[in-house]
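Trainee: Please give me a close look at a single loop of this model. After that, please connect that loop to the rest of the chain.

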Amino acid sequence: MIKRIGLLVRILLITILIVPSLVFGQERKVIKLPKPQLEIGKPLMQVLKNRKSSREFSNKKLSEQTLANLLWAGYGINRSDGKRTAPSSMNMQETSIYVATDDGLYLYDAKENVLNLIIKEDIRALTGKQLFVKDAPINLIYVSDISKMGKMAEKDIYLNAGADVGFIAQNVYLYCASEGLATVVRGYVDVAMLSKKMNLKNNQKIILAQSVGYHK
């Protein structure tokens with residue numbers, strides 16, 4: 001009887017120690033985000049007054065609710081026809097948002113409201129040449145798919161894609177100003193190195209990055 005109890009205790013301990021880690025690993029491959037909170041926020045004029053760039057970040061993590069709100073504000077779907085919170089030329093929606101965290105690199109799927117794991121590795125330090133980027137809990141990487149741009153890509157990729165990304169980045173700025181978060185948009189990025197690390201295709205171009213977190 002004692003031996004049986006001892007065996008059951010060992011099995012229970014193994015279950016407690018191993019199973020949650022397996023479940024956690026599976027969950028992080030696809031993170032189902034909460035629905036964005038659309039009834040929060042400060043008045044627009046106050047948000048504009050508070051909007052600024054910050055380059056010092058606490059290592060405190062953002063909650064999944066805050067991240068869901070942030071990504072929806074930046075480039076979420078706000079209409080039944082699939083159009084977004086930020087405009088794009090001829091509604092091409094060529095921009096994707098990659099999210100670099102200490103858990104790995106994720107791709108935001110606005111339609112499903114999920115984050116899909118791309119790389120199980122902390123690449124935050126590679127998302128910019130400034131030292132502070134490794135400390136920000138979230139680094140957003142804006143990537144444009146020029147294959148969606150047609151003839152417009154032949155004229156000036158960065159003129160058109162850059163304008164579209166600028167709208168998204170400003171949405172993120174305004175959300176951060178409303179919620180008391182720190183953020184800064186960045187162009188000082190080793191694009192070739194980061195593109196290779198992210199396994200981007202030739203038609204995918206990094207336009208800008210943006211760090212987000214709590215004030216230090």
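**A loop and its surroundings**

Mentor: Let's begin with Asn91, which sits in the loop between α3 (64-75) and β2 (95-101). Helices here are DSSP runs of H or I with at least four residues, strands are E runs of at least two, and both are numbered from the N terminus. The model is a predicted one, where local features need pLDDT of at least 70 and side-chain atom pairs count only at pLDDT 80 or more, while totals for chains, interfaces and linings use all residues. Residues are numbered from 1 along each chain as its sequence is written, and side-chain values use heavy atoms, with hydrogens and water left out.

Back to your loop. The phi angle of Asn91 is near 55°, a positive value in a residue that is not glycine. Asn91 counts as partly exposed because its relative accessibility is 37%; buried means under 20% relative accessible area, exposed means over 50%, and partly exposed covers what is in between (1.4 Å probe, protein chains only).

Asn113 makes a good companion to look at. Its phi is also near 55°, again positive in a residue other than glycine, and Asn113 belongs to the loop between β3 (104-109) and β4 (114-119). What differs is the setting: at 13% relative accessibility, Asn113 is classed as buried.

Now for the helix on one side of your loop. Two packed helices are described by the angle between their axes and the distance between the axes. The axis of α3 comes within 7 Å of the axis of helix α5 (residues 157-179), and the two cross at roughly 140°. These axes are lines fitted to C-alpha atoms, for helices over the stretch in contact, and the angles run from 0 to 180 degrees between N-to-C directions. With that angle, α3 and α5 are therefore oblique to each other, given that under 35 degrees is roughly parallel, over 145 roughly antiparallel, 65 to 115 roughly perpendicular, and the rest oblique. The crossing of α3 past α5 is right-handed, meaning that the near helix is turned clockwise from the far one by less than a right angle, whereas anticlockwise would be left-handed.

On the other side, β2 leads us to a charged pair. Side chains of opposite charge can pair when their charged atoms come close. Asp102 and Lys61 form a salt bridge through their side chains, at 3.2 Å from N to O. Asp102 is in the loop between β2 and β3 and Lys61 is in the loop between α2 and α3, so this pair ties together parts 41 residues apart in sequence. The cut-off for a salt bridge is a side-chain nitrogen of Lys or Arg within 4 Å of a carboxyl oxygen of Asp or Glu. Both partners are partly exposed, Asp102 with a relative accessible area of 36% and Lys61 with 48%.

A search of the whole structure turns up four salt bridges. Another of them joins the side chains of Glu121 and Lys197, with 3.0 Å from N to O. That pair links distant parts of the chain, since Glu121 is in the loop between β4 and β5 (138-145) and Lys197 is in helix α6 (residues 191-197), 76 residues apart. Glu121 is partly exposed at 34% relative accessibility, and Lys197 is partly exposed with a relative accessible area of 28%. One more bridge brings together the side chains of Asp135 and Lys134, at 3.3 Å from N to O.

Two strands further along the chain offer long-range C-alpha pairs. Val185, in strand β6 (residues 181-186), is partly exposed at 28% relative accessibility. Its C-alpha atom is 9.7 Å from that of Arg55, although they are 130 residues apart along the chain. Gly213 lies in strand β7 (residues 204-214) and is buried, with a relative accessible area of 0%. The C-alpha atoms of Gly213 and Leu181 are separated by 5.8 Å, with their positions 32 residues apart along the chain.

To place all this in the whole fold, the protein chain has six helices and seven strands. Starting at the N terminus, the elements run α-β-α-α-β-β-β-β-α-α-β-α-β. Of the 216 residues in the protein chain, 44% are buried.
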